[in-house]
Amino acid sequence: MKYIDEFRDGRLAGQLAAAIAAEVDPGRSYNLMEFCGGHTHAISRYGVADLLPPVVRMVHGPGCPVCVLPIGRVDLGVALALEHRVVLCTYGDCLRVPASNGLSLLKAKARGGDVRMVYSPADALKVAQAEPGREVVFFAIGFETTTPPTALVIQQAARLGLKNFSVVCNHVLTPAAITNILESPEVRRLGTLPLDGFIGPAHVSTIIGSRPYEFFAEEYRKPVVIAGFEPLDVMQAILMLVRQINEGRAEVENEFTRAVTRDGNLKAQALVSEVFELRRSFEWRGLGVVPYSALRIREAYRAFDAESRFGLQAKTVADNKACECGAILRGVKHPRDCKVFGTVCTPENPIGSCMVSSEGACAAYYSYGRFREIPVVAV
Amino acid sequence: MSGVRADYVRPLDIKHGRVDLSHGAGGRAMAQLVEQLFAAAFHNEWLAQRNDQALLPRPEGRIVMSTDCHVVSPLFFPGGDIGCLSVHGTINDVAMAGARPLYLAAGFILEEGFALADLKRIVDSMAGAACEAGVPIVTGDTKVVEAGKGDGVFITTTGVGVVPSGITISGDRARPGDRIVLSGTVGDHGMAVMSQRESLAFGTDLRSDTAALHGLVAAMIDAVPEVRVLRDPTRGGLATTLNEIAAQSGVGMVIEEAAVPVQRQVQAACEFLGLDPLYVANEGKLVAIVPADRAERLLQTMRAHPLGRQAAPIGEVIEDAHHFVQMRTRFGGKRNVDWLAGDQLPRIC
């Protein structure tokens, strides 16, 4: 397939692998965090790790929208569906995220809640138009990539004067999460999480541009290479990071020039700031309460804010004690370090959110990579 | 000759009529629906007897029986509809034992308000598929549920067939060293149905691959009676089927991504919907597992049949206590091909 196959070419991958192997200093290690779940997924799905020398270690970051959604926020969706009897529309990935009392949105649906999977917030708006007698709520999640479409439907709903449409805004911000990780005791004081560089987000960066990462490169002396979600993008970014590290540079480089500019999509940014404002703080699964890390709907659009419309208040609900999602999302632990990984926690029956989405480190690892831990008996 | 004139019965208004609760109530309306729609389309000597069951001659050989429920949405899709799908699906399940399908039974759950014109289209499509396959629908049942309690029509078909002597095909017979052969491209059916979804409709000339595979199977076992496993990768796609066989046989598998045929349109649609063609349903494909030294002969036979033209060897069975299915990616790495978790596509067969 044109424009896709070129970025999955095995021959080029082999050449890049050879270049990386030639470039690395076998006497040191290269701990590279891929922030995005999209990268985690690509690495697992295409077997990128098999092409890397052992000194290059990939650390999975928190950039998986459903993974960082805390139980308390999912509970809001469940309450809307079961108690407020609204039509709750959300993305497919969201449906299986564990909530309190063994529930999830999918289980709420089985209990009679009207929960519908949509591919876009525009579909939720259509539902509201088609069913004026029902309250329709879009449960919005995601980083900067999915925020502009949510802003757009809120504006459209306002323009159409829709009285039965509102949004639970769970949109979160990438730079705040990166700061949180770089400021974490594991990185700053304890040194238990060695981080030598970041593979920067692909789609998020098409919106926010590469400029916001310049601060991390400069302030924390960590190289950042923004990369696309195709496996060759990832390999190329790893090579670029290895070179920066070897040369002692800490710069923002852009491998994904076919889609990302320094300033990003200004129109989308304007749209987002028209509809949303910063939340003072927001709870993330894994990272805890992170200041100024999420968005909420501005006063001017308050009529479309489901949280105020239905008087919702998110509570902090502790994760399952055995679940290591928090540490895994911070890159401190690997899925195999978790006692429940692959035993009671599986994609069919996720205990933690990292096992839900294919972008989650545990699900990616479970689905694509667990044979590595348990060597196959030779024929 | 009796001089009694038959009662006048207004013929079924197939063009404008709709299913109502009386069509399932057991009275005249139901008899009329059965007579004018089902029996007229499926006509054969067993249905003509008008009994609640079909009395069949005893077949020679081991009997295979299988049943399959069909709840596809939308009911009509490019390349087929729920009618022919329900015939092909069950014929294929029977054929995957190496059997020759003999008879079908069909059960219909109709929703009040369903257009008779649509029902006729579906029933005609079933009749056409059954006739083409040479497998008559010999008995059936109809029930009607209130509006809102069904989704137009649900169809359950049951099939009976016989296995030729000397043939033993079962999911637990794969052995390390065996070859895995696939009869053609994967994902066509699932993506054709997906392309018609209201919320998601996208333009494509993609068609469902729905087809009865018993002819292909007959040719295969005739040429290579040593075939060990046959299975049609329907719901859950190729990935799920391979995992089922690996677990049943207590073996592992390694497949080559580059060897699995996928149509360009399927690849493209999967790409933008974030799906993996390995998990997308097929309705006219099969996976065969065969001893390595018979693989080439099997492939030649399959490629000579219209439904196996694109048959390809995709991998081999290995010893693995964990029963993993692994794949060597086109990219040069390796990964697990796991069971499908959750539901990639709702209601496709």
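The radius of gyration used here is taken over C-alpha atoms, and the globule rule to which it is compared is 2.2 Å times the number of residues to the power 0.38. The structure in these exercises is a predicted model.

**Exercise 1. Overall dimensions of chain A**

Determine how the radius of gyration of chain A stands against the value for a compact globule, and describe the make-up of the chain.

Solution. Chain A has 379 residues, for which a compact globule would have a radius of gyration near 21 Å, and because chain A has 21 Å, the two agree. Taken along the principal axes, the box filled by the C-alpha atoms of chain A is roughly 65 × 45 × 45 Å. Within chain A, the secondary structure consists of 15 helices and 13 strands, and 54% of the 379 residues are buried. Finally, among the contacts in chain A with a separation of 6 or more, 76% are between residues 24 or more positions apart.

**Exercise 2. The open sheet of chain A**

Work out which strands form the edges of the open four-stranded sheet in chain A, and which helices lie on this sheet.

Solution. The order of the strands in this open sheet of chain A is 4-3-5-6, with parallel pairing. Its edges are strand 4 (114-117) and strand 6 (165-171) of chain A, each of which pairs on one side only. Neighbouring strands of the sheet are turned against each other by 20° on average, direction ignored.

The next step is to look at one pairing in detail. Strand 3 (residues 87-90) of chain A runs parallel to strand 4 of chain A and is joined to it by four bridges, and Cys89(A) stands opposite Arg116(A) in strand 4 of chain A.

The helices come last. Helix 5 (residues 121-130) of chain A lies across strand 3, strand 4, strand 5 (136-142) and strand 6 of chain A, and it runs at about 175° to strand 5 of chain A. Helix 6 (residues 147-160) of chain A also packs on the sheet, where it touches strand 5 and strand 6 of chain A, its direction making about 160° with that of strand 6 of chain A.

**Exercise 3. Helix 2 and helix 15 of chain A**

Classify the packing of helix 2 of chain A against helix 15 of chain A, and list the residues that make the contact.

Solution. Two packed helices are described by the angle between their axes and the distance between the axes. For helix 2 and helix 15 of chain A, the angle is about 10° and the axes are 9 Å apart. Because angles under 35 degrees count as roughly parallel, helix 2 of chain A is roughly parallel to helix 15 of chain A. Helix 2 of chain A contributes Thr40(A), His41(A), Ser44(A) and Arg45(A) to the contact, while helix 15 of chain A contributes Ala361(A), Ala364(A), Tyr365(A), Tyr368(A) and Gly369(A). By class, this contact has four nonpolar, four polar and one charged residues.

As for its surroundings, helix 2 of chain A is mostly covered, with ten of its ten residues buried. The residue that follows helix 2 of chain A is Gly47(A), whose phi is positive, near 70°.

**Exercise 4. The contact between the chains**

Find how many residues of chain A touch chain B, and which helices of chain A take part.

Solution. Chain A has 29 residues in contact with 26 residues of chain B. On the side of chain A that touches chain B, helix 1 (10-23), helix 2 (37-46) and helix 15 (361-369) of chain A each supply at least two residues. The residues of that side divide into 16 nonpolar, six polar and seven charged.

**Exercise 5. Backbone exceptions and a buried strand residue**

Decide whether Arg221(A), Tyr292(A) and Val290(B) are buried, partly exposed or exposed, and locate the cis peptide bond in chain B.

Solution. Most residues other than glycine have a negative phi, and most peptide bonds are trans. Arg221(A), although not a glycine, has a positive phi of about 55°; it lies in the loop between helix 10 (214-219) and strand 8 (224-226) of chain A. Since 11 other C-beta atoms lie within 10 Å, Arg221(A) is exposed. Tyr292(A) likewise is not a glycine and has a positive phi, of about 45°, but Tyr292(A) is partly exposed, with 14 other C-beta atoms within 10 Å.

In chain B, a cis peptide bond with omega of about 0° joins Ser73(B) and Pro74(B), and Pro74(B) is in the loop between strand 1 (62-70) and strand 2 (76-77) of chain B. Val290(B), in strand 10 (residues 287-290) of chain B, counts as buried because it has 25 C-beta neighbours inside 10 Å.

Definitions and conventions. Residues numbered from 1 in each chain as written. Chains lettered and ligands numbered in written order. Predicted model: local features only at pLDDT ≥ 70, side-chain atom pairs only at ≥ 80, totals over all residues. Buried ≥ 20, exposed ≤ 12 C-beta atoms within 10 Å, placed from the backbone. Contact = placed C-beta atoms within 7 Å. Nonpolar A, V, L, I, M, F, W, Y, C, P; charged D, E, K, R; others polar. Pairing = 2+ DSSP bridges. Axes fitted to C-alpha atoms, helices over the stretch in contact; angles between N-to-C directions. Parallel < 35°, antiparallel > 145°, perpendicular 65-115°, else oblique.
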